[in-house]
Amino acid sequence: MKAKEVNEEIIGKRCKCVFTGLMVTGTIEDIKISEHTAEVFVRYDKTHQWGNGIYGTGWAFARLHDDFGSLRHLEIIDDSYQTIKVEFARSIEQINKMFTDGYKNWGAVNVKEWIDSYESTRFTEIDTHTAIITSEYNMNHVKEWLSGNIASTITEII
């Protein structure tokens with residue numbers, strides 16, 4: 001998102017943003033626009049640990065004159081997109097091995113590449129066993145594929 005796009009209308013929208021190098025999902029709760037920066041306050045869907053701290057919220061910011069800052073990685077998740085949280089029975093690293101060992105069958109080197117190959121669908125790993133998946137119109141196919149191929153628990157995120 002560009003700093004000049006920050007306005008009151010984005011409050012309450014679902015988004016993806018960067019937290020310590022990871023893409024995480026959340027809801028925009030507030031904005032601040034000053035003479036030099038635009039900032040967006042996000043309440044994360046899940047708390048995240050960084051060092052000894054646990055974080056449930058954070059600010060994404062950018063300088064107005066050149067858009068430098070973490071805000072450039074913030075994306076509004078369109079209302080037409082569905083979002084699920086998937087908790088895998090095995091680690092994502094172990095699941096990825098299934099793809100590398102069977103590359104000729106899968107045509108992908110890991111689960112992210114496989115899921116991202118669905119049009120308008122994105123896989124974001126949030127820890128060793130959990131991922132957020134967003135999709136505009138392929139979510140039913142993704143859920144069907146997950147339940148048929150990988151043991152997992154799926155939670156709908158509204």
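Is Ser120 buried or exposed? I would like to open with that residue, and the answer is that Ser120 is buried, with a relative accessible area of 15%. Before going further I should say that what we have in front of us is a predicted model, and I will come back to how confident the predictor is in its parts.

Let me stay with Ser120 for a moment, since its backbone also deserves a look: Ser120 has a positive phi of about 65°, although the residue is not a glycine. As for its place in the chain, Ser120 sits in the loop that runs between helix H3, residues 111-116, and strand E7. A second residue with this kind of backbone angle is Asp67, which is likewise not a glycine and has a positive phi of about 65°. Asp67 belongs to the loop between E4 and strand E5, the latter being residues 75-76.

Now the overall picture. The protein has 158 residues, and 41% of them count as buried. It contains 4 helices and 9 strands, and if you read along the sequence these follow one another in the pattern β-β-β-β-β-β-α-α-α-β-β-α-β. Taken along the principal axes, the C-alpha atoms fill a box of roughly 55 × 35 × 25 Å. Among contacts with a separation of 6 or more, 53% are accounted for by residues 24 or more positions apart.

Turning to the surface and the charges, the accessible surface comes to about 9,100 Å², and 49% of that belongs to carbon and sulfur atoms. There are 17 positive and 24 negative side chains, and the centres of these two sets lie 4 Å apart.

On confidence, the mean pLDDT of the protein is 89, with 97% of the residues reaching 70 or more. The values do vary along the chain: confidence is lowest in strand E9, residues 152-157, where the mean is 72, and highest in strand E4, residues 53-63, where it is 95.

Next, the cysteines. How many disulfides does the structure hold? The count is 0, and Cys15, for example, is in no disulfide, the nearest cysteine sulfur being that of Cys17, 4.7 Å away. Why is there no bond between Cys17 and Cys15? The sulfur of Cys17 has its closest cysteine sulfur in Cys15, but because the distance is 4.7 Å, the two are too far apart for a bond; a disulfide would need the sulfur atoms within 2.5 Å. Both residues are covered by the protein, in that Cys15 is buried with a relative accessible area of 0%, and Cys17 counts as buried at 2% relative accessibility.

I would now like to go back to the part of the chain that follows Ser120, and to look at Thr121, which lies in strand E7, residues 121-125. Thr121 counts as buried, at 0% relative accessibility. Which residues is Thr121 in contact with, once its neighbours within four places in sequence are left aside? They are Ile115, Asp116, Ile133, Thr134, Ser135, Asn138 and Val142. By way of distance, Thr121 and Val109 are 12 residues apart in sequence and 17 Å apart in space, C-alpha to C-alpha.

One of the partners of Thr121 is Val142, and Val142 has its place in helix H4, residues 139-149, so here a residue of strand E7 touches a residue of a helix. Val142 is buried too, with a relative accessible area of 1%. Again leaving aside neighbours within four places in sequence, Val142 is in contact with Tyr118, Thr121 and Ile133. Ile133 therefore appears in the contact lists of both Thr121 and Val142. Computed along the sequence, so to speak, Val142 and Asn96 are 46 residues apart, while their C-alpha atoms are 16 Å apart in space.

I will finish with Arg72, which lies in the loop between E4 and E5, the loop where Asp67 is also found. Is Arg72 buried or partly exposed? At 48% relative accessibility, Arg72 counts as partly exposed. Beyond its neighbours within four places in sequence, Arg72 is in contact with Met1 and Asp67, and this brings us back to the residue with the positive phi that I mentioned earlier, Asp67. Finally, Arg72 and Ala131 are 59 residues apart along the chain, and their C-alpha atoms are separated by 22 Å.

How values were computed: Residues numbered from 1 in each chain as written. Predicted model: local features only at pLDDT ≥ 70, side-chain atom pairs only at ≥ 80, totals over all residues. Heavy atoms only, no water. Helix = DSSP H or I, 4+ residues; strand = E, 2+ residues; numbered from the N terminus. Buried < 20%, exposed > 50% of the residue type's maximum accessible area, 1.4 Å probe, protein only. Contact = heavy atoms within 4.5 Å. Areas by Shrake-Rupley, 256 points an atom, 1.4 Å probe, with all protein chains shown as cover. Lys, Arg positive; Asp, Glu negative; His and termini not counted. Charge placed at Lys NZ, Arg CZ, Asp CG, Glu CD. pLDDT = per-residue confidence, 0-100.
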